[in-house]
Amino acid sequence: MSLSQPGILQAVPTVGRYAFFSITAPAAAQPAVLRQSLQRLAPLVDGQAVVAALGARLVAALGATVPGLRDFPVLLSGAVEVPATPTALCLWLRGSDQGDLVLLTRRLEKALAPAFHLDRVIESFRHGRGPTGHGRDLTGYEDGTENPEGEAADAAAFVQGQGAGLDGSSFVAIQQWLHDLDAFEAMSRAEQDNTVGRRRSDNEELEDAPESSHVKRTAQESFQPEAFVLRRSMPWALHAPGGGRAGLVFVAFGRSFDAFEAQMRRMAGLDDGIVDAIFRISRPVSGAYLWCPPMQAGRLDLRQLGL
C-alpha cells in the first residue's frame, strides 16, 4: 500500500488552486491551538483532491523536526534573482470544476481558523496536451517531458527507508513564475526553440541548442549526483483590461530539496556563469520549500509532528 499522497503521482488536474496560509500571531505562541487546527484539517486531506504541504516555520512552531526540511534559499547572480517567500502551509486543491475548489477552500479555511490565515490563492489550470501527453506551458512548450516514471518516480519523489511517519513523505519546491509573453512573442520561432532547447512543434530536443538553453541547463542526468525531480507544474493567469499577468506555478517534488536546488543554482548561473535563457522571458516572483506528510489508512499521517 502506498504511503504517499496520491495526487503527487497523478497527472495535473483540469483546474487547480494553491492556497497559502500563515500562522496568526496569537497561535504562533500556542502550539496547542495549532495542533487543534491541524487535527481538524487532517480528515479533509485525502492526498488527492487536497495535497497538503507544511513549511519549516510551522513544524518549528509545533516544537517538532522533519529531517531535511529547511527554508528556501535566496539566490542572486548578476541581474538574476530567485526570491524566497516562506509560507507555513500550502494546500494544493485539484479538480475539474473551479467552483468546487472555491467551496472546498472555504471548508479548509474554516477548519484551520483561528490558527491560520489564508494569505493568497493562485488559480491554475491545465493547458493543452503536448506530444508525449503532458500539459503545455503558456508558451506552447510541453512541461514535464523528462519526468521519471514508475519506480523511478517513486525513488525521485518520496522519502524511503526512514521509518514510520517519514516514509512516503515528499519535499516540494513551489515557485510562481511570471512570464513576459510580449518578449517571448517578439522572438523568432528559432530563437524561441533555442531558448527552451526543444522544438515546440514536436518536442524534440535540439542537439545544437546553446548551452544557455533551458533543457541543457536542467538536464537531470548531467548533475553529480543525478538531479531527478517529479514536476507537477500548472499555468496561471490574471486577466485585466489592457493586459494582465500570466505564467507558471512550478512545482517539483523530491526525496529531498537537493536535486531541485542543484538545478536552480545552475539556472541562475551560480555554477559556471551561464544563466538559463528562460530568464529572458520569465522570472520567479515567489519560492517556498515545504514537506508533504505521508498517508496512513487514507488519512494524513502527522505522527512526525507529535499528532
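Student: In which sense do strands S7 and S11 pair, and over how many bridges?

Tutor: S7 and S11 (residues 282–292) pair in the antiparallel sense over 10 bridges. Two strands pair if DSSP finds at least two bridges between them. Helices (H or I, at least four residues) and strands (E, at least two) are DSSP runs, numbered from the N terminus. Ser-170 of S7 has Cys-292 as its bridge partner in S11.

Student: What am I looking at, and how are the residues numbered?

Tutor: This is a predicted model, with residues numbered from 1 along each chain as its sequence is written. Local features need pLDDT of at least 70 and side-chain atom pairs 80 or more, totals for chains, interfaces and linings use all residues, and side-chain values use heavy atoms, without hydrogens or water.

Student: Which other strand pairs with S7?

Tutor: S10 (residues 243–254) does, antiparallel, over 8 bridges. Ala-173 of S7 has Ala-252 as its partner there.

Student: Which way do the side chains of S7 point?

Tutor: In a regular strand they alternate between the two faces of the sheet. In S7, Ser-170, Val-172, Ile-174, Gln-176 and Leu-178 point one way. Phe-171, Ala-173, Gln-175, Trp-177 and His-179 point the other way. Both sets are buried, that is, under 20% relative accessible area with a 1.4 Å probe on protein chains only (exposed is over 50%, partly exposed in between). With 10 of the 10 residues of S7 (170–179) buried, the strand is largely enclosed by the rest of the structure.

Student: How many residues of S1 are buried?

Tutor: 7 of the 9, so S1 is also largely enclosed by the rest of the structure. S1 joins S5 through 7 antiparallel bridges, with Gly-16 opposite Arg-94 in S5. S1 also pairs with S6, antiparallel, over 9 bridges. Ile-23 has Phe-116 as its partner in S6.

Student: Which residues of helix H2 are buried?

Tutor: In H2 (residues 31–41), Leu-34, Ser-37, Leu-38 and Leu-41 are buried. Seen down the axis, the buried residues of H2 fall within an arc of 100°, so they line one face of the helix. The arc is taken from the directions from the helix axis to the C-beta atoms.

Student: How many cavities are there?

Tutor: Rolling a probe the size of a water molecule over the atoms shows where empty space is left. On a 1 Å grid over the protein atoms alone, a cavity is a set of points where a 1.4 Å probe fits but cannot get out; a pocket is an open set with protein on both sides within 12 Å along at least five of seven lines; lining residues have an atom within 4 Å of a point. Grid points join across faces, edges and corners, and volume is the space filled by probe spheres set on them. Here there are 3 cavities of 30 Å³ or more. The largest holds about 60 Å³. Its lining includes Tyr-18, Trp-92, Val-172, Ile-174 and Cys-292. S2 (50–54), S5, S7 and S10 each give two or more residues to that lining. The second largest cavity has a volume of about 40 Å³. Among its lining residues are Arg-57, Asp-71 and Tyr-289.

Student: What volume does the largest pocket have, and which residues lie nearest its centre?

Tutor: About 720 Å³. Of its 35 lining residues, Asp-143, His-214, Thr-218, Arg-231 and Phe-250 lie nearest the centre. H9 (258–267) is one of the elements supplying at least two lining residues. H9 gives the largest share, 4 residues.

Student: What volume does the second largest pocket have?

Tutor: About 290 Å³. It is lined by 25 residues, with Ala-11, Val-12, His-134, Asn-147 and Arg-232 nearest its centre. S8 (230–231) and S9 (234–240) each give two or more residues to the lining.
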